[in-house]
Amino acid sequence: MPTRRHSARVDAPVRMEDVARAAGVSPITVSRALNMPDKLAPATLATVQGAIERLRYVHNLAAGTLASNRSRIVAAIVPTIASSIFSDTVEGLSTTLAAQRYQLLLGQTGYRDDEESRLIDAFLGRRVDGLVLVGVQHARGVRAKLQRAGIPVVETWDLNARPIDMLVGFSNRAAGEAAATYLAGRGYRRLGFIGGDDERSATRLESFRAAARAAGAGEVLTALERSPSSVLDGGRAMGALLDAPTPPRAVFCTNDMLAAGALFECQRRRIDVPGGMAVMGFADLPIAAGTEPALTTVQVRADEMGRRAGAMLLQRLAGNAVRQRIVDLGFTVVPRASA
(Lines give C-alpha, C1' and ligand atoms only; values in the text may rest on other atoms or scores of the structure.)
Protein backbone atom coordinates (compact mmCIF):
# COMPACT_ATOMS: atom_id res chain seq x y z
CA MET A 1 0.00 0.00 0.00
CA PRO A 2 1.60 3.31 -1.01
CA THR A 3 2.67 5.58 1.78
CA ARG A 4 1.06 8.99 1.77
CA ARG A 5 3.63 11.73 2.03
CA HIS A 6 2.88 14.76 4.16
CA SER A 7 4.81 17.99 3.80
CA ALA A 8 4.84 20.64 6.51
CA ARG A 9 3.45 23.92 5.38
CA VAL A 10 5.96 26.73 5.55
CA ASP A 11 4.32 30.13 5.70
CA ALA A 12 5.95 32.92 3.78
CA PRO A 13 7.64 35.40 6.14
CA VAL A 14 5.69 38.55 6.90
CA ARG A 15 7.20 41.51 5.06
CA MET A 16 7.34 45.16 6.01
CA GLU A 17 4.94 45.83 3.12
CA ASP A 18 2.40 43.48 4.74
CA VAL A 19 2.60 45.41 7.99
CA ALA A 20 2.21 48.70 6.13
CA ARG A 21 -0.89 47.40 4.32
CA ALA A 22 -2.46 46.14 7.56
CA ALA A 23 -1.77 49.44 9.33
CA GLY A 24 -2.84 51.61 6.40
CA VAL A 25 0.50 53.41 6.23
CA SER A 26 3.52 53.47 3.95
CA PRO A 27 6.49 51.07 4.38
CA ILE A 28 8.69 54.01 5.31
CA THR A 29 6.35 54.76 8.23
CA VAL A 30 6.76 51.18 9.43
CA SER A 31 10.54 51.59 9.12
CA ARG A 32 10.37 54.75 11.25
CA ALA A 33 8.26 52.95 13.85
CA LEU A 34 10.99 50.32 14.14
CA ASN A 35 14.05 52.57 13.99
CA MET A 36 12.97 56.07 15.01
CA PRO A 37 9.68 55.76 16.96
CA ASP A 38 10.07 59.23 18.45
CA LYS A 39 9.59 60.67 14.94
CA LEU A 40 5.99 59.40 14.70
CA ALA A 41 2.76 60.67 16.23
CA PRO A 42 1.70 58.45 19.17
CA ALA A 43 -1.49 57.34 17.42
CA THR A 44 0.36 56.33 14.25
CA LEU A 45 3.01 54.51 16.25
CA ALA A 46 0.35 52.59 18.18
CA THR A 47 -1.38 51.57 14.92
CA VAL A 48 1.85 50.26 13.41
CA GLN A 49 2.86 48.45 16.59
CA GLY A 50 -0.56 46.81 16.70
CA ALA A 51 -0.16 45.54 13.14
CA ILE A 52 3.35 44.24 13.94
CA GLU A 53 1.98 42.32 16.91
CA ARG A 54 -1.03 40.88 15.02
CA LEU A 55 1.09 39.71 12.09
CA ARG A 56 3.99 38.62 14.33
CA TYR A 57 6.38 40.53 12.13
CA VAL A 58 10.12 40.08 12.88
CA HIS A 59 12.28 42.95 11.68
CA ASN A 60 15.05 41.80 9.31
CA LEU A 61 18.05 43.57 10.84
CA ALA A 62 20.47 42.14 8.28
CA ALA A 63 18.50 43.66 5.40
CA GLY A 64 18.44 47.00 7.18
CA THR A 65 22.17 46.84 7.69
CA LEU A 66 22.81 46.27 3.99
CA ALA A 67 20.46 49.07 3.00
CA SER A 68 21.73 51.68 5.44
CA ASN A 69 25.32 50.48 5.98
CA ARG A 70 24.50 50.63 9.71
CA SER A 71 23.89 47.69 12.04
CA ARG A 72 22.90 49.85 15.05
CA ILE A 73 25.06 47.49 17.10
CA VAL A 74 28.04 48.51 19.24
CA ALA A 75 30.44 45.94 20.68
CA ALA A 76 32.21 46.17 24.03
CA ILE A 77 35.13 43.92 24.92
CA VAL A 78 35.92 43.57 28.63
CA PRO A 79 38.50 41.43 30.45
CA THR A 80 35.88 39.51 32.45
CA ILE A 81 32.17 39.31 33.20
CA ALA A 82 32.81 37.03 36.19
CA SER A 83 33.64 40.00 38.41
CA SER A 84 31.56 43.09 39.12
CA ILE A 85 34.51 45.44 38.53
CA PHE A 86 33.52 46.23 34.91
CA SER A 87 29.74 45.82 35.27
CA ASP A 88 29.07 49.48 36.09
CA THR A 89 30.91 50.57 32.94
CA VAL A 90 28.92 48.11 30.82
CA GLU A 91 25.67 49.26 32.46
CA GLY A 92 26.42 52.95 31.81
CA LEU A 93 27.38 52.21 28.20
CA SER A 94 24.33 50.03 27.54
CA THR A 95 21.88 52.55 29.00
CA THR A 96 23.33 55.42 26.97
CA LEU A 97 23.26 53.46 23.71
CA ALA A 98 19.76 52.06 24.30
CA ALA A 99 18.36 55.58 24.57
CA GLN A 100 19.24 55.99 20.88
CA ARG A 101 18.14 52.45 19.98
CA TYR A 102 21.60 50.97 19.66
CA GLN A 103 22.15 47.39 20.81
CA LEU A 104 25.22 46.26 22.75
CA LEU A 105 27.21 43.08 22.06
CA LEU A 106 29.58 41.96 24.80
CA GLY A 107 32.73 39.85 24.65
CA GLN A 108 35.25 38.88 27.34
CA THR A 109 38.97 38.32 26.84
CA GLY A 110 39.99 36.57 30.05
CA TYR A 111 42.71 39.26 30.22
CA ARG A 112 44.34 37.83 27.06
CA ASP A 113 45.44 40.18 24.28
CA ASP A 114 45.19 37.45 21.65
CA GLU A 115 41.57 36.78 22.61
CA GLU A 116 40.81 40.50 22.37
CA SER A 117 42.25 40.48 18.84
CA ARG A 118 40.07 37.50 17.86
CA LEU A 119 36.96 39.18 19.28
CA ILE A 120 37.73 42.37 17.36
CA ASP A 121 37.91 40.35 14.14
CA ALA A 122 34.60 38.66 14.94
CA PHE A 123 32.81 41.92 15.73
CA LEU A 124 34.19 43.70 12.68
CA GLY A 125 32.96 40.78 10.60
CA ARG A 126 29.50 41.36 12.02
CA ARG A 127 29.64 44.99 10.90
CA VAL A 128 29.34 46.64 14.31
CA ASP A 129 29.02 50.42 14.15
CA GLY A 130 31.42 51.11 17.02
CA LEU A 131 33.69 49.44 19.54
CA VAL A 132 34.56 49.97 23.22
CA LEU A 133 37.74 48.44 24.65
CA VAL A 134 39.18 48.20 28.16
CA GLY A 135 42.75 49.39 28.51
CA VAL A 136 45.26 50.91 26.10
CA GLN A 137 47.62 47.93 25.66
CA HIS A 138 46.60 45.67 22.77
CA ALA A 139 48.05 42.89 20.63
CA ARG A 140 50.30 43.79 17.72
CA GLY A 141 48.32 44.97 14.71
CA VAL A 142 45.11 45.86 16.57
CA ARG A 143 45.63 49.62 16.33
CA ALA A 144 46.24 49.56 12.56
CA LYS A 145 43.35 47.15 11.99
CA LEU A 146 40.84 49.35 13.81
CA GLN A 147 42.05 52.52 12.16
CA ARG A 148 41.60 50.84 8.75
CA ALA A 149 38.10 49.70 9.74
CA GLY A 150 37.03 53.34 10.00
CA ILE A 151 34.56 52.86 12.87
CA PRO A 152 34.61 54.92 16.09
CA VAL A 153 36.56 53.27 18.91
CA VAL A 154 36.68 54.26 22.59
CA GLU A 155 39.32 52.88 24.96
CA THR A 156 38.52 52.98 28.68
CA TRP A 157 39.95 52.29 32.16
CA ASP A 158 43.33 53.93 31.50
CA LEU A 159 44.97 56.97 29.91
CA ASN A 160 47.29 57.30 26.94
CA ALA A 161 48.50 60.30 24.97
CA ARG A 162 47.97 58.38 21.70
CA PRO A 163 44.63 56.54 21.76
CA ILE A 164 43.49 54.47 18.80
CA ASP A 165 40.64 56.96 18.35
CA MET A 166 38.96 58.21 21.56
CA LEU A 167 39.65 57.56 25.23
CA VAL A 168 37.84 58.01 28.56
CA GLY A 169 39.43 56.82 31.77
CA PHE A 170 41.87 57.68 34.53
CA SER A 171 45.55 57.26 35.27
CA ASN A 172 46.31 53.88 36.83
CA ARG A 173 49.82 55.14 37.48
CA ALA A 174 48.55 58.14 39.45
CA ALA A 175 46.04 55.94 41.32
CA GLY A 176 48.77 53.59 42.54
CA GLU A 177 50.86 56.55 43.65
CA ALA A 178 47.89 58.09 45.48
CA ALA A 179 47.23 54.84 47.37
CA ALA A 180 50.82 54.65 48.65
CA THR A 181 50.82 58.34 49.54
CA TYR A 182 47.57 57.92 51.49
CA LEU A 183 48.81 54.91 53.49
CA ALA A 184 52.19 56.50 54.19
CA GLY A 185 50.40 59.68 55.26
CA ARG A 186 48.46 57.61 57.82
CA GLY A 187 51.77 56.56 59.33
CA TYR A 188 52.10 53.07 57.83
CA ARG A 189 55.67 52.16 56.88
CA ARG A 190 55.56 48.44 56.00
CA LEU A 191 53.34 48.24 52.94
CA GLY A 192 51.99 45.31 50.95
CA PHE A 193 50.29 44.93 47.59
CA ILE A 194 47.76 42.33 46.43
CA GLY A 195 46.97 42.37 42.72
CA GLY A 196 46.37 40.52 39.49
CA ASP A 197 48.75 39.72 36.65
CA ASP A 198 47.17 42.12 34.15
CA GLU A 199 48.69 45.28 32.66
CA ARG A 200 46.68 47.83 34.67
CA SER A 201 47.38 46.08 37.97
CA ALA A 202 51.09 46.00 37.08
CA THR A 203 51.02 49.74 36.40
CA ARG A 204 49.42 50.43 39.81
CA LEU A 205 52.04 48.24 41.50
CA GLU A 206 54.94 50.02 39.79
CA SER A 207 53.78 53.47 40.86
CA PHE A 208 52.76 52.22 44.34
CA ARG A 209 56.31 50.92 44.87
CA ALA A 210 57.88 54.16 43.67
CA ALA A 211 55.68 56.32 45.90
CA ALA A 212 56.28 54.04 48.90
CA ARG A 213 60.05 54.41 48.49
CA ALA A 214 59.72 58.17 48.11
CA ALA A 215 57.72 58.31 51.35
CA GLY A 216 60.35 56.31 53.23
CA ALA A 217 58.20 53.19 53.48
CA GLY A 218 60.83 50.91 51.94
CA GLU A 219 60.18 47.91 49.72
CA VAL A 220 56.65 46.67 49.11
CA LEU A 221 55.81 43.02 49.85
CA THR A 222 53.65 41.67 47.01
CA ALA A 223 51.26 38.77 46.45
CA LEU A 224 49.98 38.38 42.90
CA GLU A 225 47.04 36.27 41.70
CA ARG A 226 45.89 35.41 38.19
CA SER A 227 43.38 37.83 36.67
CA PRO A 228 40.41 37.72 36.95
CA SER A 229 40.69 37.50 40.71
CA SER A 230 38.08 36.81 43.38
CA VAL A 231 37.37 37.19 47.08
CA LEU A 232 38.94 33.77 47.65
CA ASP A 233 42.10 34.91 45.84
CA GLY A 234 42.27 37.94 48.13
CA GLY A 235 42.10 35.75 51.21
CA ARG A 236 44.81 33.43 49.92
CA ALA A 237 47.09 36.35 49.01
CA MET A 238 46.59 38.02 52.38
CA GLY A 239 47.43 34.72 54.06
CA ALA A 240 50.72 34.61 52.16
CA LEU A 241 51.59 38.16 53.26
CA LEU A 242 50.66 37.46 56.88
CA ASP A 243 52.87 34.35 56.87
CA ALA A 244 55.90 36.29 55.61
CA PRO A 245 58.83 36.69 58.07
CA THR A 246 58.05 40.40 58.31
CA PRO A 247 54.38 40.96 57.36
CA PRO A 248 53.24 44.34 56.09
CA ARG A 249 51.29 46.70 58.30
CA ALA A 250 49.00 47.99 55.52
CA VAL A 251 47.96 46.40 52.22
CA PHE A 252 46.68 47.99 49.00
CA CYS A 253 44.57 45.65 46.85
CA THR A 254 44.11 46.24 43.15
CA ASN A 255 40.34 45.74 43.39
CA ASP A 256 37.70 45.70 46.12
CA MET A 257 36.95 41.98 45.73
CA LEU A 258 40.56 41.18 46.60
CA ALA A 259 40.39 43.70 49.45
CA ALA A 260 37.25 42.07 50.84
CA GLY A 261 38.98 38.67 50.75
CA ALA A 262 41.99 40.17 52.52
CA LEU A 263 39.72 41.65 55.18
CA PHE A 264 37.94 38.34 55.72
CA GLU A 265 41.29 36.54 56.11
CA CYS A 266 42.28 39.01 58.81
CA GLN A 267 39.00 38.36 60.58
CA ARG A 268 39.53 34.57 60.38
CA ARG A 269 42.91 35.06 62.06
CA ARG A 270 41.48 37.41 64.69
CA ILE A 271 43.60 40.29 63.39
CA ASP A 272 41.99 43.65 64.06
CA VAL A 273 41.45 45.93 61.05
CA PRO A 274 42.82 48.58 61.03
CA GLY A 275 44.49 48.14 64.45
CA GLY A 276 46.63 45.17 63.43
CA MET A 277 46.40 45.47 59.63
CA ALA A 278 45.10 48.23 57.35
CA VAL A 279 43.36 47.21 54.13
CA MET A 280 42.72 49.44 51.12
CA GLY A 281 40.83 48.53 47.95
CA PHE A 282 40.30 49.89 44.47
CA ALA A 283 37.23 50.79 42.33
CA ASP A 284 34.66 51.52 45.10
CA LEU A 285 32.38 48.58 44.29
CA PRO A 286 29.21 48.19 46.41
CA ILE A 287 30.99 45.62 48.61
CA ALA A 288 33.48 48.29 49.74
CA ALA A 289 30.87 50.20 51.74
CA GLY A 290 29.14 47.00 52.89
CA THR A 291 31.97 45.24 54.73
CA GLU A 292 32.68 45.66 58.44
CA PRO A 293 34.78 47.67 58.76
CA ALA A 294 33.96 49.49 55.52
CA LEU A 295 36.83 49.52 53.04
CA THR A 296 38.95 52.53 52.29
CA THR A 297 39.25 52.51 48.50
CA VAL A 298 40.02 54.41 45.30
CA GLN A 299 36.85 55.45 43.48
CA VAL A 300 37.14 55.49 39.67
CA ARG A 301 33.58 56.45 38.50
CA ALA A 302 33.10 53.33 36.40
CA ASP A 303 29.48 54.08 35.49
CA GLU A 304 30.34 57.54 34.16
CA MET A 305 33.16 55.96 32.14
CA GLY A 306 30.57 53.85 30.31
CA ARG A 307 28.14 56.73 29.86
CA ARG A 308 30.83 59.04 28.48
CA ALA A 309 32.10 56.31 26.13
CA GLY A 310 28.56 55.80 24.85
CA ALA A 311 28.03 59.53 24.35
CA MET A 312 31.29 59.81 22.38
CA LEU A 313 30.26 56.97 20.09
CA LEU A 314 26.80 58.44 19.52
CA GLN A 315 28.31 61.81 18.62
CA ARG A 316 30.51 60.24 15.99
CA LEU A 317 27.76 57.95 14.68
CA ALA A 318 25.56 61.02 14.24
CA GLY A 319 28.27 62.51 12.00
CA ASN A 320 29.50 65.04 14.54
CA ALA A 321 33.06 65.69 15.67
CA VAL A 322 33.95 64.92 19.29
CA ARG A 323 35.38 68.06 20.83
CA GLN A 324 37.43 66.26 23.49
CA ARG A 325 38.92 62.95 22.29
CA ILE A 326 40.73 62.18 25.57
CA VAL A 327 38.70 62.49 28.77
CA ASP A 328 40.41 62.08 32.14
CA LEU A 329 37.72 61.37 34.74
CA GLY A 330 40.29 61.21 37.52
CA PHE A 331 39.79 59.23 40.73
CA THR A 332 39.15 59.88 44.41
CA VAL A 333 40.59 58.23 47.49
CA VAL A 334 37.60 57.39 49.70
CA PRO A 335 38.67 57.06 53.35
CA ARG A 336 36.62 54.61 55.41
CA ALA A 337 37.27 52.55 58.51
CA SER A 338 39.68 49.90 57.17
CA ALA A 339 42.74 52.14 56.72
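## Salt bridges and cysteines in a predicted model

D114 is partly exposed, its relative accessible area being 36%. The structure in which this aspartate sits is a predicted model, and D114 forms a salt bridge there with R118, with 3.6 Å between the closest N and O atoms. The count of salt bridges comes to 18, whereas a search of the whole structure for disulfides finds zero.

**Salt bridges around helix 6**

- Helix 6 covers residues 113-125 and holds both D114 and R118, which are four residues apart, or about one turn of the helix.
- R118, the arginine partner in this pair, is partly exposed as well, with a relative accessible area of 43%.
- The contact between D114 and R118 belongs to a wider arrangement, since R112, D114, E115 and R118 are linked in a network of salt bridges.

**A link from helix 6 to helix 7**

- The side chains of D121 and K145 meet in a salt bridge, for which the N to O distance is 2.7 Å.
- This pair links distant parts of the chain, with D121 placed in helix 6 and K145 in helix 7 (residues 142-149), 24 residues apart.
- The two partners fall into separate accessibility classes: D121 counts as partly exposed at 38% relative accessibility, while K145 is buried with a relative accessible area of 18%.

**A link between R336 and D284**

- R336 and D284 also meet through their side chains in a salt bridge, at 3.0 Å from N to O.
- R336 lies in the segment after strand 12 (332-334) and D284 in the loop between strand 9 (278-280) and helix 12 (286-290), so this salt bridge ties together parts of the chain that are 52 residues apart in sequence.
- R336 is partly exposed, with a relative accessible area of 25%, whereas D284, at 19% relative accessibility, counts as buried.

**Cysteines without a disulfide**

- The search of the whole structure finds zero disulfides, and C253 accordingly is in none, the nearest cysteine sulfur being that of C266 at 9.1 Å.
- Seen from the other side, C266 is likewise in no disulfide, and the nearest cysteine sulfur to it is that of C253, 9.1 Å away.
- A disulfide requires the two sulfur atoms to lie within 2.5 Å, and the separation of 9.1 Å between the sulfurs of C253 and C266 therefore does not meet this cut-off.
- C253 is buried, with a relative accessible area of 0%, and C266 is also buried, with a relative accessible area of 0%.

Methods. Residues numbered from 1 in each chain as written. Predicted model: local features only at pLDDT ≥ 70, side-chain atom pairs only at ≥ 80, totals over all residues. Heavy atoms only, no water. Buried < 20%, exposed > 50% of the residue type's maximum accessible area, 1.4 Å probe, protein only. Salt bridge = Lys/Arg side-chain N within 4 Å of Asp/Glu carboxyl O. Helix = DSSP H or I, 4+ residues; strand = E, 2+ residues; numbered from the N terminus.
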